[in-house]
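This report describes the packing and backbone features of one protein chain. Please study the sequence and the model below before reading on.

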Amino acid sequence: MLRAVTFDLWETLIKDVPEHEPLLRARRIGDIAAVLRSNGLNPNPAAMESAHREVWVRMDAHWRACRDLSTLEQTRLYLDIALGADLHRVSDALLEEAARRYGDSLLHYPPRAVDGAAEAVAHARLRGLRVAVICNTGRTPGRVLRVILGNLGIAAHIEHFCFSNELGICKPDPEIFRQALEPLGVRPDEALHVGDRPDLDLAGARAAGLRSVHLRIPESPEGDADHVIPTMRDLPAIIDSYAREIR
(Lines give C-alpha, C1' and ligand atoms only; values in the text may rest on other atoms or scores of the structure.)
Protein backbone atom coordinates (compact mmCIF):
# COMPACT_ATOMS: atom_id res chain seq x y z
CA MET A 1 0.00 0.00 0.00
CA LEU A 2 1.34 3.43 -0.93
CA ARG A 3 1.09 5.84 1.98
CA ALA A 4 3.89 8.37 1.47
CA VAL A 5 6.06 10.15 -1.06
CA THR A 6 9.47 11.53 -0.20
CA PHE A 7 11.15 14.13 -2.38
CA ASP A 8 14.73 15.08 -3.08
CA LEU A 9 15.14 18.86 -3.02
CA TRP A 10 17.84 20.17 -5.38
CA GLU A 11 16.95 19.81 -9.07
CA THR A 12 13.78 17.95 -8.06
CA LEU A 13 11.77 20.65 -6.27
CA ILE A 14 14.10 23.63 -6.65
CA LYS A 15 16.97 24.38 -9.03
CA ASP A 16 20.02 26.58 -9.10
CA VAL A 17 20.11 29.74 -11.17
CA PRO A 18 23.56 29.58 -12.84
CA GLU A 19 23.92 33.33 -13.23
CA HIS A 20 23.40 33.71 -9.48
CA GLU A 21 26.45 31.63 -8.55
CA PRO A 22 29.14 34.37 -8.76
CA LEU A 23 26.80 36.82 -7.01
CA LEU A 24 26.04 34.29 -4.30
CA ARG A 25 29.73 33.52 -3.73
CA ALA A 26 30.62 37.21 -3.54
CA ARG A 27 27.78 37.88 -1.12
CA ARG A 28 28.76 35.02 1.20
CA ILE A 29 32.43 35.96 1.26
CA GLY A 30 31.71 39.68 1.55
CA ASP A 31 29.22 39.31 4.39
CA ILE A 32 31.55 37.11 6.43
CA ALA A 33 34.50 39.43 5.78
CA ALA A 34 32.40 42.37 6.98
CA VAL A 35 31.57 40.53 10.22
CA LEU A 36 35.23 39.75 10.79
CA ARG A 37 36.32 43.36 10.12
CA SER A 38 33.68 44.71 12.49
CA ASN A 39 35.28 42.57 15.18
CA GLY A 40 38.84 43.79 14.64
CA LEU A 41 40.05 41.18 12.16
CA ASN A 42 41.46 42.01 8.73
CA PRO A 43 40.86 38.97 6.49
CA ASN A 44 42.84 38.64 3.29
CA PRO A 45 40.40 38.77 0.32
CA ALA A 46 42.40 36.24 -1.71
CA ALA A 47 42.54 33.87 1.26
CA MET A 48 38.77 34.18 1.78
CA GLU A 49 38.16 33.41 -1.89
CA SER A 50 40.54 30.45 -1.89
CA ALA A 51 39.02 29.08 1.31
CA HIS A 52 35.56 29.20 -0.22
CA ARG A 53 36.75 26.78 -2.91
CA GLU A 54 38.80 24.63 -0.55
CA VAL A 55 36.04 24.08 1.99
CA TRP A 56 33.90 22.48 -0.74
CA VAL A 57 36.72 20.06 -1.55
CA ARG A 58 37.12 19.11 2.10
CA MET A 59 33.38 18.77 2.62
CA ASP A 60 33.20 16.41 -0.33
CA ALA A 61 35.15 13.85 1.70
CA HIS A 62 32.46 13.99 4.40
CA TRP A 63 29.65 13.72 1.85
CA ARG A 64 31.26 10.74 0.13
CA ALA A 65 31.20 9.03 3.52
CA CYS A 66 27.45 9.90 3.81
CA ARG A 67 28.21 12.32 6.63
CA ASP A 68 27.63 16.06 6.94
CA LEU A 69 28.64 18.92 9.20
CA SER A 70 26.38 21.51 10.76
CA THR A 71 26.54 25.00 9.31
CA LEU A 72 28.47 26.11 12.39
CA GLU A 73 31.04 23.35 11.86
CA GLN A 74 31.31 24.08 8.15
CA THR A 75 31.83 27.78 8.86
CA ARG A 76 34.51 26.97 11.43
CA LEU A 77 36.27 24.88 8.78
CA TYR A 78 36.00 27.76 6.30
CA LEU A 79 37.45 30.26 8.76
CA ASP A 80 40.20 27.85 9.78
CA ILE A 81 41.30 27.68 6.14
CA ALA A 82 40.88 31.43 5.54
CA LEU A 83 42.37 32.80 8.77
CA GLY A 84 44.90 30.19 9.79
CA ALA A 85 46.60 31.23 13.02
CA ASP A 86 44.08 34.06 13.53
CA LEU A 87 41.24 31.60 14.07
CA HIS A 88 41.83 31.76 17.83
CA ARG A 89 40.63 35.39 17.70
CA VAL A 90 37.17 34.28 16.57
CA SER A 91 34.87 34.12 19.60
CA ASP A 92 31.90 31.79 19.84
CA ALA A 93 29.54 34.71 19.25
CA LEU A 94 31.50 35.82 16.20
CA LEU A 95 31.52 32.29 14.83
CA GLU A 96 27.76 32.04 15.25
CA GLU A 97 27.23 35.32 13.39
CA ALA A 98 29.59 34.24 10.61
CA ALA A 99 27.68 30.95 10.34
CA ARG A 100 24.39 32.84 10.03
CA ARG A 101 25.81 34.92 7.19
CA TYR A 102 27.31 31.81 5.59
CA GLY A 103 23.89 30.17 5.49
CA ASP A 104 21.76 33.21 4.69
CA SER A 105 23.41 34.04 1.36
CA LEU A 106 20.93 32.03 -0.70
CA LEU A 107 18.08 34.21 0.58
CA HIS A 108 19.51 37.09 -1.45
CA TYR A 109 19.80 35.04 -4.67
CA PRO A 110 17.18 32.32 -4.26
CA PRO A 111 16.71 29.27 -6.48
CA ARG A 112 13.66 28.74 -8.64
CA ALA A 113 10.99 26.08 -8.36
CA VAL A 114 11.30 23.18 -10.75
CA ASP A 115 8.48 23.29 -13.27
CA GLY A 116 5.53 21.32 -11.91
CA ALA A 117 7.13 20.68 -8.51
CA ALA A 118 4.65 22.60 -6.36
CA GLU A 119 1.73 21.00 -8.19
CA ALA A 120 3.20 17.50 -7.81
CA VAL A 121 3.72 17.88 -4.06
CA ALA A 122 0.23 19.32 -3.64
CA HIS A 123 -1.22 16.43 -5.66
CA ALA A 124 0.40 13.90 -3.35
CA ARG A 125 -1.19 15.55 -0.34
CA LEU A 126 -4.58 15.79 -2.08
CA ARG A 127 -4.42 12.04 -2.64
CA GLY A 128 -4.03 11.64 1.13
CA LEU A 129 -0.34 10.71 1.05
CA ARG A 130 2.19 11.73 3.69
CA VAL A 131 4.98 13.91 2.29
CA ALA A 132 8.59 14.48 3.36
CA VAL A 133 11.71 16.07 1.90
CA ILE A 134 15.16 14.44 2.10
CA CYS A 135 17.92 16.90 1.25
CA ASN A 136 21.71 16.93 1.12
CA THR A 137 22.11 20.58 1.96
CA GLY A 138 25.56 21.60 0.70
CA ARG A 139 26.35 25.14 1.90
CA THR A 140 22.77 26.22 2.65
CA PRO A 141 21.21 24.96 5.91
CA GLY A 142 17.77 23.57 6.41
CA ARG A 143 16.55 26.64 8.28
CA VAL A 144 17.13 28.74 5.13
CA LEU A 145 15.76 26.13 2.73
CA ARG A 146 12.52 26.01 4.76
CA VAL A 147 12.10 29.75 4.18
CA ILE A 148 12.80 29.40 0.47
CA LEU A 149 10.32 26.55 0.11
CA GLY A 150 7.77 28.63 1.98
CA ASN A 151 8.29 31.56 -0.36
CA LEU A 152 7.80 29.25 -3.36
CA GLY A 153 4.53 27.88 -1.99
CA ILE A 154 5.92 24.36 -1.57
CA ALA A 155 6.56 24.07 2.18
CA ALA A 156 2.86 24.14 3.09
CA HIS A 157 2.42 20.70 1.50
CA ILE A 158 5.40 19.09 3.27
CA GLU A 159 4.93 17.44 6.66
CA HIS A 160 8.51 16.57 7.54
CA PHE A 161 11.98 17.73 6.50
CA CYS A 162 15.23 15.76 6.73
CA PHE A 163 18.17 18.07 6.11
CA SER A 164 21.65 16.58 6.18
CA ASN A 165 23.24 19.51 8.04
CA GLU A 166 20.78 18.97 10.90
CA LEU A 167 21.08 15.19 11.07
CA GLY A 168 24.79 14.76 10.31
CA ILE A 169 24.03 12.11 7.68
CA CYS A 170 23.20 12.39 4.01
CA LYS A 171 22.02 10.37 1.04
CA PRO A 172 22.56 7.64 0.00
CA ASP A 173 22.76 6.45 3.62
CA PRO A 174 19.49 4.52 4.09
CA GLU A 175 19.23 5.89 7.61
CA ILE A 176 18.19 9.33 6.36
CA PHE A 177 15.32 7.72 4.46
CA ARG A 178 14.24 5.85 7.58
CA GLN A 179 14.36 9.06 9.61
CA ALA A 180 12.15 10.76 7.03
CA LEU A 181 9.49 8.07 7.32
CA GLU A 182 9.51 7.36 11.04
CA PRO A 183 7.68 10.56 12.13
CA LEU A 184 5.07 9.84 9.47
CA GLY A 185 4.42 6.34 10.79
CA VAL A 186 5.15 4.85 7.37
CA ARG A 187 7.16 1.73 6.51
CA PRO A 188 9.73 1.90 3.69
CA ASP A 189 7.71 -0.52 1.53
CA GLU A 190 4.78 1.92 1.78
CA ALA A 191 6.78 4.86 0.36
CA LEU A 192 7.92 6.20 -2.98
CA HIS A 193 11.01 8.43 -3.32
CA VAL A 194 11.39 10.97 -6.13
CA GLY A 195 14.80 12.31 -7.13
CA ASP A 196 17.19 13.06 -9.96
CA ARG A 197 20.41 11.42 -8.73
CA PRO A 198 20.87 7.67 -9.33
CA ASP A 199 23.85 7.55 -6.95
CA LEU A 200 22.12 9.39 -4.10
CA ASP A 201 18.36 9.14 -4.54
CA LEU A 202 17.79 5.85 -6.33
CA ALA A 203 20.56 3.88 -4.63
CA GLY A 204 19.63 5.26 -1.20
CA ALA A 205 15.93 4.60 -1.64
CA ARG A 206 16.57 1.06 -2.83
CA ALA A 207 18.89 0.33 0.10
CA ALA A 208 16.25 1.64 2.52
CA GLY A 209 13.46 -0.42 0.93
CA LEU A 210 11.52 2.38 -0.81
CA ARG A 211 10.23 2.33 -4.36
CA SER A 212 11.61 5.12 -6.53
CA VAL A 213 10.87 7.57 -9.31
CA HIS A 214 13.79 8.86 -11.36
CA LEU A 215 13.33 12.45 -12.52
CA ARG A 216 15.54 12.05 -15.59
CA ILE A 217 16.81 15.56 -16.20
CA PRO A 218 19.27 16.02 -19.12
CA GLU A 219 22.31 15.94 -16.81
CA SER A 220 21.18 12.77 -15.03
CA PRO A 221 22.56 9.35 -16.08
CA GLU A 222 20.41 6.25 -16.23
CA GLY A 223 19.55 4.61 -12.94
CA ASP A 224 17.71 1.67 -11.41
CA ALA A 225 14.23 2.99 -10.62
CA ASP A 226 10.66 1.72 -10.56
CA HIS A 227 9.54 4.65 -12.69
CA VAL A 228 11.23 7.24 -14.90
CA ILE A 229 9.71 10.64 -15.66
CA PRO A 230 11.07 13.51 -17.80
CA THR A 231 9.41 16.29 -15.79
CA MET A 232 7.71 16.79 -12.44
CA ARG A 233 4.48 17.39 -14.31
CA ASP A 234 4.48 13.65 -15.05
CA LEU A 235 4.55 12.64 -11.37
CA PRO A 236 0.81 12.99 -10.58
CA ALA A 237 0.05 10.25 -13.14
CA ILE A 238 2.55 7.94 -11.39
CA ILE A 239 0.91 8.70 -8.05
CA ASP A 240 -2.52 8.05 -9.50
CA SER A 241 -1.33 4.69 -10.88
CA TYR A 242 -1.06 3.60 -7.25
CA ALA A 243 -4.70 4.57 -6.62
CA ARG A 244 -5.63 1.13 -5.26
CA GLU A 245 -2.76 1.31 -2.79
CA ILE A 246 -3.60 4.78 -1.47
CA ARG A 247 -5.80 4.92 1.58
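## Packing around helix H9

The buried residues of H9 pack against helix H8 (174–181), strand E6 (191–195) and strand E7 (211–215). Helices (H or I, at least four residues) and strands (E, at least two) are DSSP runs, numbered from the N terminus. Contact means heavy atoms within 4.5 Å. The model is predicted: local features need pLDDT of at least 70 and side-chain atom pairs count only at pLDDT 80 or more, while totals for chains, interfaces and linings use all residues. Residues are numbered from 1 along each chain as its sequence is written, and side-chain values use heavy atoms, with hydrogens and water left out.

Helix H9 covers residues 198–208, and its buried residues are Pro-198, Leu-200, Asp-201, Leu-202, Gly-204, Ala-205 and Ala-208. Here buried means under 20% relative accessible area, exposed means over 50%, and partly exposed lies in between (1.4 Å probe, protein chains only). Ala-205, in helix H9, is buried with a relative accessible area of 0%. Leaving aside neighbours within four places in sequence, Ala-205 is in contact with Phe-177, His-193, Leu-210, Arg-211 and Ser-212. The C-alpha atoms of Ala-205 and Gly-84 are separated by 40 Å, and the two residues are 121 apart along the chain. Just after H9, Gly-209 has a positive phi of about 95 degrees.

## Nonpolar cores

A nonpolar core is a set of buried Ala, Val, Leu, Ile, Met, Phe, Trp, Tyr and Cys residues joined through side-chain atoms within 4.5 Å. In soluble globular proteins, nonpolar side chains tend to be buried together. The largest core in this model has 39 residues, of which Phe-7, Leu-9, Leu-13, Met-232 and Leu-235 touch the most other members. At least two residues of this core come from each of E1, helix H5 (117–126), strand E4 (130–135), helix H6 (142–151), strand E5 (160–163), E6, E7 and helix H10 (235–241). Which residues does Met-232 contact, leaving aside its neighbours within four places in sequence? They are Phe-7, Thr-12, Leu-13, Val-114, Asp-115, Gly-116, Ala-117, Ala-120, Val-194 and Leu-215. A second, separate core has 23 residues, including Ile-29, Met-59, Leu-77 and Leu-83.

## Helices H3 and H4

The axes of H3 and H4 are 9 Å apart and the helices pack at an angle of about 100 degrees. Axes are lines fitted to C-alpha atoms, for helices over the stretch in contact, and angles run from 0 to 180 degrees between N-to-C directions. H3 and H4 are therefore roughly perpendicular to each other, a term for angles of 65 to 115 degrees. On the H3 side, Thr-71, Leu-72, Gln-74, Thr-75, Arg-76, Tyr-78 and Leu-79 meet Leu-95, Glu-96, Ala-98, Ala-99, Tyr-102 and Gly-103 of H4.

Ala-51, in helix H2, counts as buried at 1% relative accessibility. Not counting residues up to four places away in sequence, Ala-51 touches Tyr-78, Ile-81 and Ala-82.

## Aromatic rings

Rings of Phe, Tyr and Trp (its six-membered ring) pair if their centres lie within 6.5 Å; planes under 30 degrees apart count as stacked, over 60 as edge-to-face and the rest as tilted. By this rule the count comes to 3 aromatic pairs. The ring centres of Trp-56 and Trp-63 are 4.7 Å apart and their planes stand at 70 degrees, so this pair is edge-to-face. Trp-56 is partly exposed, with a relative accessible area of 40%, whereas Trp-63 is buried at 16%.

Tyr-78 and Tyr-102 form a tilted pair, with 5.9 Å between centres and 50 degrees between planes. This pair links distant parts of the chain, 24 residues apart: Tyr-78 is in helix H3 (residues 71–83) and Tyr-102 in helix H4 (residues 92–108). Both tyrosines, Tyr-78 and Tyr-102, are buried. In addition, the charged end of Arg-28 sits over the ring of Tyr-102, 5.3 Å from its centre; this requires NZ of Lys or CZ of Arg within 6 Å of the ring centre and within 35 degrees of the ring normal.

## Backbone features in loops

Two residues other than glycine have a positive phi, as the table shows.

| Residue | Phi | Loop | Relative accessible area |
|---|---|---|---|
| Glu-11 | about 70 degrees | between strand E1 (4–7) and strand E2 (14–15) | 26%, partly exposed |
| Cys-66 | near 65 degrees | between helix H2 (45–64) and H3 | 14%, buried |

Finally, Lys-171 and Pro-172 are joined by a cis peptide bond with omega of about 15 degrees. Pro-172 is placed in the loop between helix H7 (164–167) and H8.

Technical notes: Angles under 35 degrees count as roughly parallel, over 145 as roughly antiparallel, 65 to 115 as roughly perpendicular and the rest as oblique.
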